[in-house]
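Let's take a walk through a protein model together. Keep the picture open while you read, and try to find each part as it comes up.

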Amino acid sequence: MPQFPRSIAPHHYEHVKTLHALRHDVGRDSPKGQRARITFATITIRYGLFKALDAYELWDAGFEGLGPRQFDTCFEMGDSGEVGAGIVKDARANGYVDTVVSHFSENVWARWATINDAQGCFEF
């Protein structure tokens, strides 16, 4: 079992395990890949795991392959609007809209919200 970083609350262990399980799927050009990108991004944002990914803390703790590249890939597969719309849906449902706006920007939030509102809810 990997040594969990002290900087991450122990109750996030299951979330980190989910990110680790999705690390390869985020790069797939398929509906499964899109679901993985939405899930990976929403977990990272909702539970504030940006710093741990950016600093390779999770990778160094034994979650090999889990770093900032995987988060970036969520927005680089040609479906960033749909991924963003999935983030909007989840952020609205789980009360972390302010976190999304502060990490990205109000303009990005508005663009993603427009896509989500125009196309309806995405299942993931």
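## Two helices side by side

Start with α1 and α2, and bear in mind that you are looking at a predicted model. These two helices pack at an angle of about 150°, and their axes are 10 Å apart. An angle over 145 degrees counts as roughly antiparallel, so α1 is roughly antiparallel to α2. Their crossing is left-handed.

Which residues do the touching? On the α1 side you'll find His15, Thr18, Leu19 and Leu22, and they meet Ala36, Thr39, Phe40, Ile43 and Thr44 of α2. Sorted by class, this contact has 5 nonpolar residues, 4 polar ones and no charged ones. If the spacing of those numbers looks familiar, here's the background: an α-helix has 3.6 residues a turn, so residues three or four places apart point the same way.

Helix α1 also has a set of buried residues: Tyr13, His15, Val16, Leu19, His20 and Leu22. Among the things covering them are α2 and α4, the latter running over residues 57-60.

## More helix pairs

Now turn to α2 and α6. Their axes come within 9 Å and cross at roughly 45°, which makes α2 oblique to α6. This time the crossing is right-handed. From α2, the residues Gln34, Arg37, Ile38, Ala41, Thr42, Ile45 and Arg46 meet Glu82, Val83, Gly86, Ile87, Asp90 and Asn94 of α6. The class count for this contact is 5 nonpolar, 4 polar and 4 charged residues.

Helix α6 has another partner, α8. Here the axes come within 8 Å and cross at roughly 90°, so α6 is roughly perpendicular to α8. The α6 residues in this contact are Ser80, Gly81, Gly84, Ala85, Ile87, Val88, Lys89, Ala91 and Arg92, while α8 brings Trp109, Arg111, Trp112, Ala113, Ile115, Asn116 and Asp117. Together they divide into 8 nonpolar, 4 polar and 4 charged.

## The nonpolar core

What sits in the middle of a protein like this? As a general rule, in soluble globular proteins, nonpolar side chains tend to be buried together. In this model, the largest nonpolar core has 31 residues, and those with the most contacts inside it are Phe40, Leu58, Leu66, Phe71, Phe75, Ile87 and Val100. The elements that give two or more residues to this core are α1 (13-22), α2 (31-46), α3 (50-54), α6 (80-94) and α8 (106-119). Which helix gives the largest share? That's α2, with 6 residues.

Take Phe75 as a close-up. Leaving out its neighbours within four places in sequence, Phe75 is in contact with Ala41, Ser80, Val83, Ile87, Phe104 and Trp112.

## Two buried residues in α5

Helix α5 covers residues 68-73, and Thr73 is part of it. Is Thr73 buried or exposed? Its relative accessibility is 13%, so Thr73 counts as buried. Apart from residues up to four places away in sequence, Thr73 touches Val26, Gly27 and Arg37.

Gln70 lies in α5 as well. With 12% relative accessibility, Gln70 counts as buried, because the cut-off for that is under 20%. Skipping residues up to four places away in sequence, Gln70 touches Arg23, Val26, Phe40 and Gly65.

## Some partly exposed spots

Thr99 belongs to helix α7, residues 97-103. At 32% relative accessibility, Thr99 counts as partly exposed. Try tracing the chain from Thr99 to Arg46: they are 53 residues apart in sequence, and 7.6 Å apart in space from C-alpha to C-alpha.

Then look at Gly62, in the loop between α4 and α5. Gly62 is partly exposed, with a relative accessible area of 41%. Between Gly62 and Glu76 there are 14 places in sequence and 26 Å in space, again C-alpha to C-alpha.

Last comes Tyr56, in the loop between α3 and α4. Tyr56 is partly exposed too, at 36% relative accessibility. What about its backbone? Most residues other than glycine have a negative phi. Tyr56 is not a glycine, yet its phi is positive, at about 60°.

Methods:
Residues are numbered from 1 along each chain as its sequence is written. This is a predicted model: local features need pLDDT of at least 70, side-chain atom pairs count only at pLDDT 80 or more; totals for chains, interfaces and linings use all residues. Side-chain values use heavy atoms; hydrogens and water are left out. A nonpolar core is a set of buried Ala, Val, Leu, Ile, Met, Phe, Trp, Tyr and Cys residues joined through side-chain atoms within 4.5 Å. Buried means under 20% relative accessible area, exposed over 50%, partly exposed in between (1.4 Å probe, protein chains only). Helices (H or I, at least four residues) and strands (E, at least two) are DSSP runs, numbered from the N terminus. Contact means heavy atoms within 4.5 Å. Axes are lines fitted to C-alpha atoms, for helices over the stretch in contact, and angles run from 0 to 180 degrees between N-to-C directions. Angles under 35 degrees count as roughly parallel, over 145 as roughly antiparallel, 65 to 115 as roughly perpendicular and the rest as oblique. A crossing is left-handed if the near helix is turned anticlockwise from the far one by less than a right angle, and right-handed if clockwise. Ala, Val, Leu, Ile, Met, Phe, Trp, Tyr, Cys and Pro count as nonpolar, Asp, Glu, Lys and Arg as charged, and the others, Gly among them, as polar.
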